[in-house]
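Q: Please take a close look at one part of this structure, the barrel and the helix that packs on it. Please then set that part in the context of the rest of the chain.

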Amino acid sequence: MKITVLTALLLATHLLPAIAAAPRVERPLPSHRLADAATENNPLTPQQIRAHSTQIAVRIVAENNNGGSGVLIGKKAAKGAPGSTTYLLLTNKHVIGRSTKFQIQTADGKQHTAQLVPNTQINPKYDVALLQFTSTRKYQLADLQYDTGTAIATTRQIYSAGFPFDSAQLRFTTGQVSQLSDVPLDDGTQIGYVTDKGEKNIRQGMSGGPVLAISGGKAVVVGINTIGAAPLLPSYTYFDGTKPNPKRAAEYTKANWGIPIYNVLSQLNPDILYQYDNLPKVQRQVTPTGYMAQLNRQTRQQTVRIEANGGNGSGVIVAKQGSTYYVLTAKHVVFDLYKTKQLYTDIKTITHEQESYTIQPTDITLAEGLDLAVVKFTSNANYPVAALGNYSPRKDATVFAAGFPDRLRIDSPLWQWQLNPGKNIGDREFSKFQTQDKFSFESDGYDLIYTSISYGGMSGGGIFDTEGRVIGIHGKVEGDGGSKQQEWNKDLSFGNSLGISIQSFIGLATKLKVSPQLLNTSKNMARDLNASELATVVAVRDTIPQPPADGSAKQWLQYGNQLHRVGKYADAVKAFDIAIAKSDGYQWAGYYGKARAFRSDNKYPQALAAISKAIATIPAEGRRTHYYMWQRQSDYYLELRKYNEAITAIDTAIALEPTDLLLFMTKARVFNQDRKYPQAIAIYDKLIKNQPE
C-alpha cells in the first residue's frame, strides 16, 4: 500500500511486500488453539478492555515532531542492571520516522528513553518498528497469542486504542472487522475495521496502538493500528504487486487498517523471538523475491478459495466460456466422501479479488472414481485462466503446491496464501502404482507424489510446474484419509503430498462438462530453473524454524519430517532423536522417522536398526495399524541382501494387513532379487488376476 503521508494518520510512506507464500512447518496445533474460542467464557465488557488497554499501550514522542502510540509486547532481564527489566514495544515505522531518540510515556505517567532494536530482520517495507527501554518498574504486557483460538472474520467485534496527537489521554474505540485480505497488503496490513455508529475513526497519533479482540475470555492484541479510514490519496497494493479492483478498493477506503501481530512475529529475528518473554514462537517466513515473487502473483490470481459448511478448500480456474468460469478442485472439498456421501451446503468460491460467488448443486460436477470435481460460477470480471501441463513430470522435477490453508491448521488466524515448493519424487506411472496401498489413500485416482508442504484447506489447489502451468490437483498428505487406521499419521503429518495429474482431468473433461476446446494445454516438459531462479525457490523451501528446546515430541517429529522432505537427512535424524528423548508416547514415531531419513541417505544398516527399534516400541494394540513398518523393514533387509529376513518381515506385514496388494509386490521383489523366479511369478500371476489394470 503506497500512501502519501500528509498527516501522521495517513500512515506508512514505505509499505512492504508480505511473506504469505513461504512454507509453514507441519506441526501440531498449540494447546491454546484447541479450545473452542467461538464460545466465549466470561466475555469482558468494553470498559474492562479499555482498562486493560491503558496498561499495555504507551505514548511515543520522537524527534522532528513525529510520534504516536505503541504497545508493550515483551520483556527480558536487563544486562548489567540487576533488578531492572528491558521492555520491548511495537509501533509503526512511520511513527518514529527518521528519529533516533524517543521518549516513552507508560501507564503510570513515567517517561522513559527508548532506542530502536537493531537487526530485527522484519521486512524493510513493513510499517513496523521495535523500540526498547529499561526500567525498574513493572509493566503489564499485551497478550500476544494473536487470537489463535478463533479465526478472525468479518463482523468480529474489535477494539482499538491509542494516543491522539492533541490529547495526552488514551482514546478507545469499539467496532468490528469489515475487511479482510486473503494476503497482506504490501505494508503488512491485513485487517480492516470500522468503528461503531456514532464513534469517530482512528485519529492522528493512534498509529501503533493496540487492536484487540476477546478470545477465550481474555482481551488479546490481534494487531496494531496503521492507517485510518478515508485516506486522502489511497492506493492499495497487495504484497505481490497486484491491486484490488476499483469496487474492492472503494470498500477498503471505508475501513481503518491494522497489521496483524502474526505478520510481525513471523518476520521477527528468531534471536529476538526467543530472547524476550511473552512472545509466541511463530514460524519465520521469507518474503518471495524474483522468480518466486512472479510465480506467486501468477498462481494466486488463478486460484480460488472454496468455502462450505464442511470447511474450506481451494481450486484453480481452468476454463472460461463467456461469463462462465470452470474451477477444478478435489471432490472432497465439495462432497463428503466418508460420512454422508452428499454434497456440502453453503458452497461459495472467493476469487483473488475477494469477490464471493454462491454455488448451487447444479453448478457442481463430480468425477467417478477420482477425487476431482468441477465447480462453475458466473462473473463479468476478467479472471486469469490457468494453462495446463499435459505431460508426466519427470522424477525430481520442481513443483509447487498452491492454496489457502484452513486457519485451524496453521498458526495464523487469517487466510494466508501458500505457494510451497517441493519436488515430484516419482513419474506418474510409478506414483499411480505406489498410491494403491491402504496406507496412502486406497486410490481415489492419486498418481502424483511430491514433497511440497501442504495443509487442510489446500486440497483442490493447483500443483504448478516451473512455468506456472497446472500439472495436477492437490489432494491430501499420505495417510490423511478417511480410515481410522490413518488417524495417527494425520496427527503427525508424516509422508509426502499426493495429487491427481492434470492428464487424468483432461481425459475426463467432457464427462465433467468442460469442453476440451476451452482448455489451454501444452505437452512440452517444464524447463529447469537457472541458478538465480532456483535460489529464490530454495530460500522459501528451506526456511524451517526449529521448535523450542522444551517443545513437544510432536513438534520435533514434525520438524524432522520437514527436514527430511527438503533433503537435510542428518539434521532430520537429530530432530527425531530429540523427539525420542521426550518420552511422551511417540518413541516409535521417532524411530520410524529416523529409519526413513537413514534410508533416504542410503544408510541401510542404520535404517534397519531404527525401524527395528520402531517395531519394538509400537504398542501391542497398534501392530495392525502400523503393519507398514514390517514392509519398511523388509525393504531394508533387501537392500542388505538378507533375503530370508526380508521374507520373514514382509510375511508379518501381510499377516497383519492381507488386503494391501503392495505388500505382495514387496514379497515378489524379494524373491526376484534372490533369483527365486517361480515364487515371484506365482505372486505376480495372483496380482494380475486380482487387478489386471
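A: In this predicted model, Pro-210 stands opposite Ile-224 in β11. The two strands β10 and β11 run antiparallel and are joined by six bridges. Both strands belong to a barrel, which six strands close in the order β7-β8-β9-β12-β11-β10, with antiparallel pairing. From one strand to the next, the twist averages 45 degrees. Helix α1 packs on this sheet and touches β7, β8, β10 and β11. The direction of α1 makes about 135 degrees with that of β10.

Which residues of helix α1 are buried? Helix α1 spans residues 46-56, and its buried residues are Ile-49, His-52, Ser-53 and Ile-56. These residues lie on the same side of α1, because they cover an arc of only 105 degrees around the axis. In an α-helix there are 3.6 residues a turn, so residues three or four places apart point the same way. The buried residues of α1 pack against β7 (157-162), β8 (171-180), β10 (210-215) and β11 (218-227). They also pack against β1 (57-62) and β2 (67-77).

Beyond β11, the chain enters a loop that leads to α3 (246-253), and Ala-230 is found in this loop. Ala-230 is not a glycine, yet has a positive phi of about 55 degrees. Its relative accessibility is 54%, and Ala-230 therefore counts as exposed. Asn-119 also has a positive phi, of about 50 degrees, although Asn-119 is not a glycine. The loop that holds Asn-119 runs between β5 (111-116) and β6 (129-135). With a relative accessibility of 54%, Asn-119 counts as exposed.

A further sheet can be set beside the barrel. This sheet is open and has seven strands, in the order β17-β16-β13-β14-β15-β19-β18, with antiparallel pairing. Its edge strands are β17 (356-358) and β18 (364-366), each of which pairs on one side only. The twist of this open sheet averages 30 degrees from one strand to the next. At one edge, β18 is joined by three bridges to strand β19 (residues 373-378), and the two run antiparallel. Leu-366 stands opposite Ala-373 in β19. Helix α6 (residues 290-302) packs on the open sheet, where α6 touches β13 (303-308) and β14 (311-321). The direction of α6 makes about 45 degrees with that of β13.

Strand β26 (residues 497-501) gives another view of strand pairing. Five of the five residues of β26 are buried, so this strand is largely enclosed by the rest of the structure. Strand β23 (residues 448-450) runs antiparallel to β26 and is joined to β26 by three bridges. Within this pair, Leu-448 stands opposite Gly-499 in β26. Strand β25 (residues 470-477) also pairs with β26 in the antiparallel sense, over five bridges. Here Gly-472 stands opposite Ser-501 in β26.

Asn-390 lies in the loop between β20 (388-389) and β21 (397-403). Asn-390 is buried, with a relative accessible area of 17%, a value under the 20% cut-off. Leaving aside residues up to four places away in sequence, Asn-390 touches Ile-502, Gln-503, Ile-506, Thr-521, Ser-522 and Lys-523.

Helix packing is seen in α13 (residues 569-581) and α14 (residues 587-600), whose axes are 8 Å apart at an angle of about 170 degrees. The two helices are therefore roughly antiparallel to each other. From α13, the contact is made by Tyr-569, Ala-572, Val-573, Phe-576, Asp-577 and Ile-580. From α14, the contributing residues are Gln-587, Gly-590, Tyr-591, Gly-593, Lys-594, Ala-597, Phe-598 and Ser-600. By class, the contact of α13 with α14 has eight nonpolar, four polar and two charged residues.

Finally, the whole chain provides the setting for these parts. The secondary structure of the protein comes to 19 helices and 27 strands. Of its 693 residues, 60% count as buried. Among contacts between residues at least 6 apart in sequence, 70% join residues at least 24 apart.

Definitions and conventions:
Residues numbered from 1 in each chain as written. Predicted model: local features only at pLDDT ≥ 70, side-chain atom pairs only at ≥ 80, totals over all residues. Heavy atoms only, no water. Buried < 20%, exposed > 50% of the residue type's maximum accessible area, 1.4 Å probe, protein only. Helix = DSSP H or I, 4+ residues; strand = E, 2+ residues; numbered from the N terminus. Arc of directions from axis to C-beta. Contact = heavy atoms within 4.5 Å. Pairing = 2+ DSSP bridges. Axes fitted to C-alpha atoms, helices over the stretch in contact; angles between N-to-C directions. Parallel < 35°, antiparallel > 145°, perpendicular 65-115°, else oblique. Nonpolar A, V, L, I, M, F, W, Y, C, P; charged D, E, K, R; others polar.
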